[in-house]
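Trainee: I'm new to this one, and I'd like to learn how to read it feature by feature. Could you walk me through it?

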Amino acid sequence: MRLQETNLRGRDRRIYEEFFEEQDREHWKKYHATPEEMQRAHIRRVLRPVDVWASDWDLRTLAEQRADHCMDWVIEQPGVITFEAINAKLQSLEARPMEPTPGQAMDVQIQAAIKRMGCPLYWRRQLRRAQVQKREAQEQAAGRIWAKAMPYCHDVTAARHRERQAANRAMLEQTEIESAEGETITLWQAAEASTANKSIRRGELMTRIRGCEEWATAAGMVGIFTTNTLPSRFHASLFTGGKNPNFDGSTPKDGQSWLSKTWARARAKIQRQKIRVFGFRVSEPHHDGCPHWHMLLWVKPEQAEQLQALLRACWLQYDGDEYGAQEYRFKAEAIDPARGGAVAYVAKYIAKSIDDAGGIGEEGHLDYQGQQKQLIDGGKAQRVTAWASAWGIRQFQPIGQPPVTVWRELRRVQAGDVVGASKRIQRAYAAVHKGEAHRADWRGYMTEQGGAMVGRGYQLRLAFDEVTNEGRYGPVEVKKPRGVYDVARPGEECASARKKWKPRGTWTPAERHTAKVGDLGELAVYAFLNPTWTRFNNCTQANQKPKVKRANSWQILAGDWPKPEPLRDQRQTT
């Protein structure tokens, strides 16, 4: 029976095709193919485009084959391999091009890039990303992703995203880490205490939005809420179903790029016209996966209309005469404090993009039940998160605000370390920590940072060490935060309290005590491994004086123990 005459679909059809392909390959190998022909056929299979419906096992096999192929390619190169040649090869195999790191030697970067090309783990990530994006683009162009069928993304993408999250959680719950003090927790507990926890992430965003509104109100500014959409050619499906005749094959990533470039042109005009503006941007999908933005902006009352006209002109600059563009391409409305202010305007968009929370409680950390609202199918937020993960789209972006990294680092500083610091740091420390009578205050933190819209002229900054770590593909230079300092007093730092964690059972005595002692360094480790000794005999004697308690090596090195009086050598008296 010919393959075209079968009625198989989906997985059964793929199994049927693979079976006959294997039969044909064995027949050709036995009766017709030469070794050279078989080698060329193997190379064609390695270089062929990624199958959007291939299993993960097939992707793993292809990753190993492409890693071997790239190493063969490196060996065959006659001259010096350039970064551009590596990127061209990667793009021909559906991998993302690598970006050079400024300030790092090019020969070191090329060596690291070659190691990546020959690593199956690197190719697994690239192939999985390419498969997801190709499948999404294919299904989107076919009109199968729309409101009443599969909103935002394909069901397979959403299901695999849920499975990956469940597998990651199981791994984190089974992995234990230990501090130098002997405290043991799981990686899942550590993740739940950070912004990886969706409730904490949502709460921090709501706290920042509330603080920005309070700061703007005190500065005499008004809020504007905008909806920024894309031209019709980016939409694959109509809301009522069916393909959009104007669709040109653009992907959601192309749409996000169009929005970003349009906003960049708008920012340039805003600066030329000396309009002072700050706020937030939220990116979320339409029913067919096409992205759009919601922007929450604060501006002086006398510049509000000017800002709206400028943004409208930028968004209607291209394809502004098409049907519905004047009405839907850009919409703006003034924020009404009587309706709950800025928080009320963006709460549902943030919850929809994070955890489907049914309500916002104290600082937005939890909903009315004290837990995240979980829907049977993962909810809209799960599909939105899967959509953003598939296309690499950043969902939330602050505009013209102080950095949140300093806010988070101040939360690590102990209260005793702030004593004696500058008044600015003390007030910022009080703002970022909530107490029984007050909540965390982003407005107070913004005030101590010099306010909004000051470029890079913020008053509190991170102190960090430049550390070179040995990564899988070579040395990696990272900036390791160690505290916060005031630009007016750069020599004084407030050190943050950071514990050192390692997999449980991997601490050596030297490493454990080095982590505990800290600045005492190698001398303390030597004293621990080589304790002091004496030539005296500790046998019981009739006229022995009361036993004097001796200090250990750590107390002597730390200087918090009085030196004992020297004992008289018994041999000198005989």
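Mentor: Let's go from the overall make-up to the sheet, the cores, the salt bridges and a single residue. Keep in mind that this is a predicted model.

Trainee: Then let me begin with the big picture. How many helices and strands does the protein chain have?

Mentor: DSSP-style elements are a good place to start. Here the protein chain has 21 helices and eleven strands. Of its 574 residues, 39% count as buried. You can also ask how far along the sequence the contacts reach: among contacts between residues at least 6 apart in sequence, 67% join residues at least 24 apart.

Trainee: How do I read a single helix, say α6? What length does it reach from its first C-alpha to its last?

Mentor: The general idea is that an α-helix has 3.6 residues a turn, so residues three or four places apart point the same way. As for this case, α6 covers residues 120–141, which is 22 residues, and it reaches 31 Å, close to the 32 Å expected at 1.5 Å a residue. Look just beyond the end too: Gly-143, just after α6, has a positive phi of about 80 degrees.

Trainee: Now sheets. In what order do the strands β8, β9 and β10 lie, and is the pairing parallel or antiparallel?

Mentor: In general, strands of a sheet pair through backbone hydrogen bonds, either parallel or antiparallel. In this sheet, which is open, the three strands run in the order β8-β9-β10 with antiparallel pairing. The edges are β8 (460–471) and β10, each of which pairs on one side only. From one strand to the next, the twist averages 50 degrees.

Trainee: How many bridges join β9 and β10?

Mentor: Four bridges, in the antiparallel sense. One residue to find is Glu-493 in β10, the bridge partner of Tyr-485. And something lies over the sheet: helix α17 goes across β8, β9 and β10, at about 100 degrees to β9.

Trainee: I've seen Glu-493 come up; which side chain does Glu-493 meet in a salt bridge?

Mentor: Arg-482, with 2.8 Å from N to O. Glu-493 is in strand β10 (residues 489–495) and Arg-482 in strand β9 (residues 474–486), so the bridge ties together parts eleven residues apart in sequence. Glu-493 is partly exposed at 37% relative accessible area, and Arg-482 is partly exposed too, at 30%.

Trainee: How many salt bridges are there in the whole structure?

Mentor: A search finds 24 of them. Some link distant parts of the chain. Take Glu-94 and Arg-66, whose closest N and O atoms are 3.9 Å apart. Glu-94 sits in the loop between α4 (83–92) and α5 (106–117), while Arg-66 is in helix α3 (residues 56–76), 28 residues away in sequence.

Trainee: Are those two partners buried or exposed?

Mentor: Buried means under 20% relative accessible area. Arg-66 is buried at 1%, whereas Glu-94 is partly exposed at 21%. Now try Arg-233 and Asp-319, a salt bridge with closest N and O atoms 3.4 Å apart. They are 86 residues apart: Arg-233 is in the loop between β3 (222–228) and α10 (252–272), and Asp-319 in the loop between α11 (304–315) and α12 (325–328). Arg-233 is partly exposed at 27%, and Asp-319 is partly exposed at 34%.

Trainee: On to the nonpolar cores. Which residues touch the most other members of the largest one?

Mentor: Ile-209, Phe-278, Leu-296, Trp-298, Ile-350 and Leu-410, out of 43 residues in that core. Several elements each supply at least two of its residues, including α9 (198–218), β4 (277–285) and β5 (291–299). The largest share, eight residues, comes from α13. Apart from this core lies another, of 26 residues, among them Cys-70, Val-74, Leu-93 and Met-98.

Trainee: Last, a single residue. Where is Arg-201, and what does it contact?

Mentor: Arg-201 is in helix α9 and is partly exposed, at 33% relative accessibility. Leaving aside neighbours within four places in sequence, Arg-201 is in contact with Thr-195, Ile-354, Gln-395 and Phe-396. Compare sequence and space for one of these partners: Arg-201 and Ile-354 are 153 residues apart in sequence, yet 8.1 Å apart in space, C-alpha to C-alpha.

Methods: Residues are numbered from 1 along each chain as its sequence is written. This is a predicted model: local features need pLDDT of at least 70, side-chain atom pairs count only at pLDDT 80 or more; totals for chains, interfaces and linings use all residues. Side-chain values use heavy atoms; hydrogens and water are left out. A salt bridge is a side-chain nitrogen of Lys or Arg within 4 Å of a carboxyl oxygen of Asp or Glu. Buried means under 20% relative accessible area, exposed over 50%, partly exposed in between (1.4 Å probe, protein chains only). The expected span of a helix is 1.5 Å times one less than its number of residues. A nonpolar core is a set of buried Ala, Val, Leu, Ile, Met, Phe, Trp, Tyr and Cys residues joined through side-chain atoms within 4.5 Å. Two strands pair if DSSP finds at least two bridges between them. Axes are lines fitted to C-alpha atoms, for helices over the stretch in contact, and angles run from 0 to 180 degrees between N-to-C directions. Contact means heavy atoms within 4.5 Å.
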